Amino acid sequence: MSRLRAWVFAIIYGMAASVAAAADRPSPVDRIVQEVITLTAADGAEVPAVLMYPKSGLDPRARAIVFQHGGPGGHPIRSLGAPRWAAERLAARGYVTLSIMARHADQFGNTPFDESVKNVKAAVEWLDQLGATDIILAGHSFGSITITRYMVLHQDARVKAMVHYAPTRDTGQWMRANMGDERYKAVVDRFMTLISEGKGDTWTYEPFEVSPPAAPGLRSGYIQTAAAWLDHWGPAAQLRNTVGFRALKVPQLLLSGDKDTFVTIPFLDELKAAAVNAPRVDVKWYEGGINHVFEGVRDTASDDTFAFLSDLGLAPTPRVISRLVDITAADGAEQPGVLYEPAAGRDTSKPLFIVIYGYGGDVIRSSSEWLPARLAREGYTSLGVADRANGAAILRSIFTEVAKDHAAWVDYAASLGFSKVVLVGHSWGGIRATHYKVSTNDPRVAGLVFLAPTRDAPQWAERGLGREQYRRMVAEAKDAVAAGRGRTTLITGEGVMPPPAPPGMARP
């Protein structure tokens, strides 16, 4: 068994009998944080992972890279793999990196390959829930096939680019080259017979000599069930980058070296030609005895990855610092908000943006969350603010009184040193922003921005409720106010959203 492990280790990482000292600079671990975390896949399986980010702090909205290690038998923290050395270097550059452990790390013996794809999905989902704005997939060796397979199955729009370090050849074709046509066919036939007899879980071991460009005499082998062996290495195996690349629709970067155990220039050219739907495919080929684990060019490969992503507009985003703040209006009403500022510092020569949510909106979701965070990345201090028309409170709020909250928020901006603010209203929030500016003519409001601006409320309500019902409800409301019951009387009616809403769409 020890000899087998040595063979497997050699084939996974392309190690020579004697390894020269690496010429790379030390990994920048003094500038990053590394945390071991556990994700949960959709089927409930635990997914160990290493999260890395700059020591300045974890920015939940940062661009993120999911790293998938090689194998079978690989691991995310082995120093030879890109999920360790590239993830560290790119985290130091400002990315959030997440190096996950695949099921082919320790379960490939009896587990279908697509089970590992579930781990990639768990990583993407976790980063999405964290708030990552753009996600990049990166795979080393066998991990390249894994991330390709993920995109073939999911076509995930959250993934903006892919990076392949020493991408492995199609596994069935590779195994055939290792064994020779005759033996390969015999092994496949024997294993298919076992499956037909209901014995697909029979454990097998078929050693082989690795085909060129590996050096002569390099041997390997995998202990797997007959079913798992065919799933990974059989003629119908889906582990085929030359086919999967046709389905990729995001930019691709391929990197490899001239002494790689598996990869050749013609193979990289084949992959590039297969990526007919990718808007861009870059190839980086390193010469000078560069092996499967990129010894001697790890800094360069990381720099090339950074340059590729930056050229796509996927450079790390500036860090944003957010904190909860509060104001008290002139009539004593208190409201919370969230202040978003560039980590580089506040620039009071620029206007501060105040983002006001729409009907039924909230200060920590939708445009009140993502817009001020993005503005802060561009150097603008911004506020997502609540007012007394928040949530259920909108049912009892008085429109003219809401302006008192906005006045307090503009005062708060002034207390931070800003002489100018821009009010941003989303939907119904645009009406509130307009009302504040028109009713106060506050000179500190230098501009207004309207996101999906709402139509005039009285006319919109009349169209949705119908003229007769609308006038009845207005009359009831006036009578209630005149009787001193304006804040305690519920005015009800049934209507629909007027066009361009779909016919019959109800609105309370």
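User: Buried means under 20% relative accessible area, exposed means over 50%, and partly exposed lies in between (1.4 Å probe, protein chains only). Which label fits Arg444?

Analyst: Partly exposed, at 24%. This is a predicted model, where local features need pLDDT of at least 70 and side-chain atom pairs pLDDT 80 or more, while totals for chains, interfaces and linings use all residues. Residues are numbered from 1 along each chain as its sequence is written, and side-chain values use heavy atoms, without hydrogens or water.

User: What does Arg444 meet in a salt bridge?

Analyst: Asp442, at 2.9 Å, N to O. A salt bridge puts a side-chain nitrogen of Lys or Arg within 4 Å of a carboxyl oxygen of Asp or Glu. Asp442 is buried, at 7%.

User: Which residues do shared salt bridges join into one network?

Analyst: Asp331, Arg388, Glu401, Lys404, Asp405 and Arg487.

User: How many salt bridges in the whole structure?

Analyst: The search finds 32. One of them links Arg346 to Glu341, with N and O 2.4 Å apart.

User: New topic. How many strands form the open sheet?

Analyst: Eight, in the order β1-β2-β4-β3-β5-β6-β11-β12, with mixed pairing. Strands are DSSP runs (E, at least two residues), numbered from the N terminus. Two strands pair if DSSP finds at least two bridges between them.

User: Which strands stand at the edges?

Analyst: β1 (32–40) and β12 (281–286). Each has a single partner strand, so one side is left without a neighbour in the sheet.

User: In what sense do β2 and β4 pair?

Analyst: Antiparallel, over four bridges. Ala49 stands opposite Ile100 in β4.
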